[in-house]
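Hi everyone, thanks for coming. I'd like to walk you through one model today, residue by residue and helix by helix. Have a look at it first.

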Amino acid sequence: MANFTGIFKATSDEAQDTDKLVDLFRNRSELKKEFAELRDEKHRLQARIKEHRGSIERVEQKLNHLESLLLDPEWVHNVVAFYQLRRLGAHFESRLARFAEQLKQQREKRVQDQMMAVWSERQARDRAQIDEAIGKHRARLQMLEDRLERERHKLRTMRRLERLRQGRSQEAHIEELEAGLTDAQARNEALLSERDRLADSAAPPHEGLDIAAKRSINFMILSFAQQLYLDYYEDNLAAMAKEASEKSVGAVNYGSKLDCDELIETLHQRRQEVGERDDASAILQERARHIARQARFRNKDETVPESASVMEIFDIKANGAVCAARGGLRIRLEQVMLEIVIAGAYR
């Protein structure tokens, strides 16, 4: 008996040792997996640190370069003029983006309001029809109830001999009226349910603008971009602003202190003149119509016109006269499409 106990005990100990060994290998595998993840995370962090260090070094180089320019009497005025022009370029982008966003919101709201007006009108018409049907049906229901009550009263007040002769036919007539009343009540409940369903129905979701509306918005965005260009076309301000946005400080020389001061003063006066102008919405709309007439699209579903078809600038005066586009009043193909992309044109 003792020998059998020892055999079973040894088997149990071996099973426990095996379980411990399996747990050990499992834990070792999990540790290796966690270690690999930590190692990958370390490499990612090291790469980010290296990237940030590179960015810091580039910024420090730019600051050192800017400091050297500011310390140079021949360049300090150029630096001021450069950043004034770069600010003008940023002003172009922000105004264009804001104009595009406001225009899209206005058009979407207009379409949504029109859709809601149509839906509300249809709801009111359907509700009026259901209310009219309910009113007529209730009148019929009341008539059936009154008629049924009269026939029941007639049956109750029949004399015995009369009941023997006409009672059965009267009862059949009453049953027919009761069946008709039941149907009428069911129809009335159905009409009431239909009215409740109509009252609980939600407005249809806004499906967005169609192709024609999106194109119209893009024509207005192009018109506004051309207006910005024309506002600062004189004295080459628009071109210099674009150049300052693309190049680094010190890469452009605007001349002596007197030249830079005159440039800054001209820029300041031009911004004041543009800011004091009346609303040019009529001019923008007229220019957009000219752009639309010349715009070409790659296919019927495209909303952004081909750049070659919208290169011409329309200088529209306050009296409505359209000046012929001069050679200097042509924005380069890349610039036109850049303006549209900055504004977030519909696609």
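Phe 99 sits in helix α2. Keep in mind as we go that this is a predicted model. Is Phe 99 buried or exposed? Its relative accessible area is 17%, and the cut-off for buried is under 20%, so Phe 99 counts as buried. What does Phe 99 touch, once we set aside neighbours within four places in sequence? The partners are Met 220, Ile 221, Phe 224 and Leu 284. Take Ile 221: along the sequence Phe 99 and Ile 221 are 122 residues apart, yet from C-alpha to C-alpha the separation is 7.5 Å.

Now on to α4. If you allow 1.5 Å a residue, its 21 residues should span 30 Å, and the C-alpha atoms at its ends are indeed 30 Å apart, so the two agree. This helix is mostly covered, with 18 of its 21 residues buried.

How does α4 meet α7? Their axes come within 8 Å and cross at roughly 115 degrees, and the crossing is right-handed. On the α4 side, the contact includes Phe 219, Met 220 and Phe 224, and on the α7 side it includes Ile 283, Leu 284 and Ile 291. By type, the residues of this contact of α4 with α7 are ten nonpolar, four polar and one charged.

Let's step back to the cores. The largest nonpolar core has 45 residues, and Leu 85, Tyr 232, Tyr 254 and Leu 263 have the most contacts inside it. Helices α2, α4, α5, α6 and α7 each supply at least two of its residues. Which helix gives the most to this core? That would be α4, with eleven residues.

Tyr 254 deserves a closer look. Leaving out residues up to four places away in sequence, Tyr 254 touches Asn 78, Ala 81, Phe 82, Leu 85, Met 240, Ala 244, Asp 259, Cys 260 and Leu 263. Apart from the largest core lies another one, of nine residues, among them Leu 155, Met 158, Ile 174 and Ala 184.

One last stop, for those of you who like charges: Arg 270, in helix α6. Arg 270 has a relative accessible area of 11%, so it is buried. Beyond its neighbours within four places in sequence, Arg 270 is in contact with Asp 231, Tyr 232, Glu 234, Asp 235 and Leu 237. Arg 270 and Leu 237 are 33 residues apart along the chain, with 9.2 Å between their C-alpha atoms.

Thanks, everyone!

Technical notes:
Residues numbered from 1 in each chain as written. Predicted model: local features only at pLDDT ≥ 70, side-chain atom pairs only at ≥ 80, totals over all residues. Heavy atoms only, no water. Core = buried A, V, L, I, M, F, W, Y, C linked by side-chain atoms within 4.5 Å. Buried < 20%, exposed > 50% of the residue type's maximum accessible area, 1.4 Å probe, protein only. Helix = DSSP H or I, 4+ residues; strand = E, 2+ residues; numbered from the N terminus. Contact = heavy atoms within 4.5 Å. Expected span 1.5 Å × (residues − 1). Axes fitted to C-alpha atoms, helices over the stretch in contact; angles between N-to-C directions. Left-handed = near helix turned anticlockwise from the far one by under 90°. Nonpolar A, V, L, I, M, F, W, Y, C, P; charged D, E, K, R; others polar.
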